[in-house]
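User: I would like a close look at a single part of this model, set in the context of the whole chain. Please give one connected account.

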Amino acid sequence: MSDFLFGIFGGTALLMYGVDMMGEGLEHLSGGVMKKALQKLTGKLWKAFLAGIFLTALVQSSTAISVLSVGFVNSGIIELTQAIGIIYGANIGTTITAQFMALSFSFKLTAFALPIIALGFVLKIFSRKLQLQNVGHAIMGIGFMLLGLTILNSGIPYMEQNETIRYFFQKYASNTFIGIFLGIVTTALVHSSAATVGIVMLLGNAGLLTLPAAIALMFGDNIGTSVTALLASVNGNINAKRTAWGHALHNVIGVLIFLPFVGIFSDFIQSFTMMIQGSNNIQLQIANSHTIFNIMVALIFLPLNNYFVSLLKTIVKEKKPSGITEEVYIDKLLLDTPAAAIEGSMKEILRAMDTNREMLGAAVDSVIGNNLDNRDAVYDREKSVSCIHKDLTDYMVELSRRGVSQSDSIVIPGIIKCANYLERIADHTITTMKLQEKRYNGGLDFTDEALGELEQLNVELSSMSKLVSENITGFTEERHSKIKQMDENMDILTAKYSEAHVKRLEDGKCTIEESLVYLDIITNLERIANYLYKISRLCRYELQGISFV
């Protein structure tokens, strides 16, 4: 009895560990692919649907992808409609693991579990290339998964002979509603639908479960995968909560649609498996039922997606914020997926760029109008940039502690540098505002010529800032060259305007106090241009994962 219990718990642990390890290796291996998939996601539902299938096939965890979708929506990377589309696809993509398990039994792949682990270990430990190390990590995961199945399978004879166990499965597990409940609880506890389906296959092969009973457990397994996403959305924004509830309701409604037809669905799966694979093996039938069920539910929901999203908005209502809120694009839920975390961080950088541009425009407007009307707005925006700087730095430090690719290990310090430069720009803008306060309170005045020069510098900086934002979104050499030229032009203009101001001072058109304030302001504007150019240079190298020497 003790050997059986140790085998059940140990085998389940190995199976879960193997599935997670395989997913980690595949995720790190496909980080670049995942990033491209994220960038390609547009408003098209079918693209999000295909991306869900593709991404889940890569990382082999619908739970992970659904949690990731919550993080995407919470970070503003994708819209609610796209996130729901990803979830439709994720439920299909995760069934590949079940198909692999079924085939591993049919082709006796479980006998090669230890050699597969050994091969993965050699690649992971002795390879110098990170990609091969990730391949080794994934292969070791497959080996541990197969070893877990082997250990669980060794306990089947005991279960077949034990009258109590047989009675439990015949009396209770054969009940559709109890089966669904057991599936929900088991999957919610282990956070892996693949592990649950693997165990169901073993029980079916032992004759302890009929196909209808196995389908009921699979229904519960589908619902159980949404529990993790619901928990992950607790601290998220309204759309993150809607995404999590979308995942849960999609699975629950799908089960309710098929529940009255379990017998018919079971007969169809048996006929389908015999016709396509020429086999009546119950493990193949369970794997096929898992895949076909999720495909059919997705096909039902896709044409009705707009209605489903409207239902989610009705059920999960938005509360009116008590004050002004700002969208934040970084989310801790994304840290386990570096490509997504970096994508969110880039959006946060763009938010800081927009804030700095508005802040600088407001400060210069106060200088040109000789007032302090924008002072509070400028200081508030500076606090916002400071928060972004701190949050981004902490986020990147936390991300660097996770397993990241060589390219991402270059991007991370690049983002930290960019956050520092954005903070410096905000500091120079605040200095400009403080100089205006000094000028206003001291009754100092600028000539019309000086104000015209300041306006010209502001226009140049605003155009430069917009080009840098475009380079953050998608770098081009032509744009970078233009930014470099504008930075050089700012240096030339600053020198030219400084000389012109000295001439005005000599002609008695302004006082020394006014001159000092004016020269300090244009010096600050020149330094802002320098930092904008530095950010563009980061876009050329570090932010693309290219080391700059």
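In which loop is N370 found?

Analyst: In this predicted model, N370 is found in the loop between α19 and α20, the latter helix comprising residues 375–400. The backbone of N370 has a positive phi of about 50°, although this residue is not a glycine. With a relative accessibility of 26%, N370 counts as partly exposed, because the buried class ends at 20% and the exposed class begins over 50%.

The helix on one side of that loop, α19, spans residues 338–369. Its axis comes within 10 Å of the axis of α22, which spans residues 448–473, and the two axes cross at roughly 175°. That angle makes α19 roughly antiparallel to α22, because angles over 145 degrees are classed in that way. The residues of this contact divide into 13 nonpolar, six polar and four charged. On the α19 side they include M346, I349, L350, M353, L360, V364, V367 and I368, together with D354, R357 and G361. On the α22 side the participants include L451, L454, L461, V468 and I472, and also E455, N458, S462, S465, K466, S469 and T473.

A record places an annotation over this region. The unreviewed UniProt entry gives "domain: PhoU" for residues 350–429 and 462–537. In the model, residues 350–429 are 88% helix and 0% strand, with end C-alpha atoms 17 Å apart. Residues 462–537 are 89% helix and 0% strand, and their end C-alpha atoms lie 18 Å apart.

The cysteines may be considered next. A disulfide is a covalent bond between the sulfur atoms of two cysteines. A search of the whole structure finds zero disulfides. C418 is in no disulfide, and the nearest cysteine sulfur, that of C539, is 6.4 Å away. C418 has 0% relative accessibility and therefore counts as buried. C510, at 10% relative accessibility, also counts as buried.

Elsewhere in the chain, the same unreviewed UniProt entry annotates "transmembrane region" for residues 49–73, 109–127, 134–152, 172–190, 223–240, 252–272 and 292–312. Of these annotated spans, residues 134–152 are 100% helix and 0% strand in the model, with end C-alpha atoms 27 Å apart. Residues 292–312 are 86% helix and 0% strand, with end C-alpha atoms 25 Å apart.

A second loop residue offers a counterpart to N370. S233 lies in the loop between α14 (226–232) and α15 (238–258). At 4% relative accessibility, S233 counts as buried, whereas N370 counts as partly exposed. Leaving aside residues up to four places away in sequence, S233 touches V70, A240, K241 and A244. The C-alpha atoms of S233 and G71 are separated by 8.1 Å, although the two residues are 162 residues apart along the chain.

For the protein as a whole, there are 24 helices and zero strands. Its C-alpha atoms fill a box of roughly 110 × 55 × 40 Å, taken along the principal axes. Of the 549 residues, 53% count as buried. Among contacts with a separation of 6 or more, 80% are between residues 24 or more positions apart.

Methods: Residues are numbered from 1 along each chain as its sequence is written. This is a predicted model: local features need pLDDT of at least 70, side-chain atom pairs count only at pLDDT 80 or more; totals for chains, interfaces and linings use all residues. Side-chain values use heavy atoms; hydrogens and water are left out. UniProt positions are given in the numbering used here, feature names are shortened, and annotations may be inferred rather than shown by experiment. Helices (H or I, at least four residues) and strands (E, at least two) are DSSP runs, numbered from the N terminus. Axes are lines fitted to C-alpha atoms, for helices over the stretch in contact, and angles run from 0 to 180 degrees between N-to-C directions. Angles under 35 degrees count as roughly parallel, over 145 as roughly antiparallel, 65 to 115 as roughly perpendicular and the rest as oblique. Contact means heavy atoms within 4.5 Å. Ala, Val, Leu, Ile, Met, Phe, Trp, Tyr, Cys and Pro count as nonpolar, Asp, Glu, Lys and Arg as charged, and the others, Gly among them, as polar. A disulfide is a pair of cysteine sulfur atoms within 2.5 Å. Buried means under 20% relative accessible area, exposed over 50%, partly exposed in between (1.4 Å probe, protein chains only).
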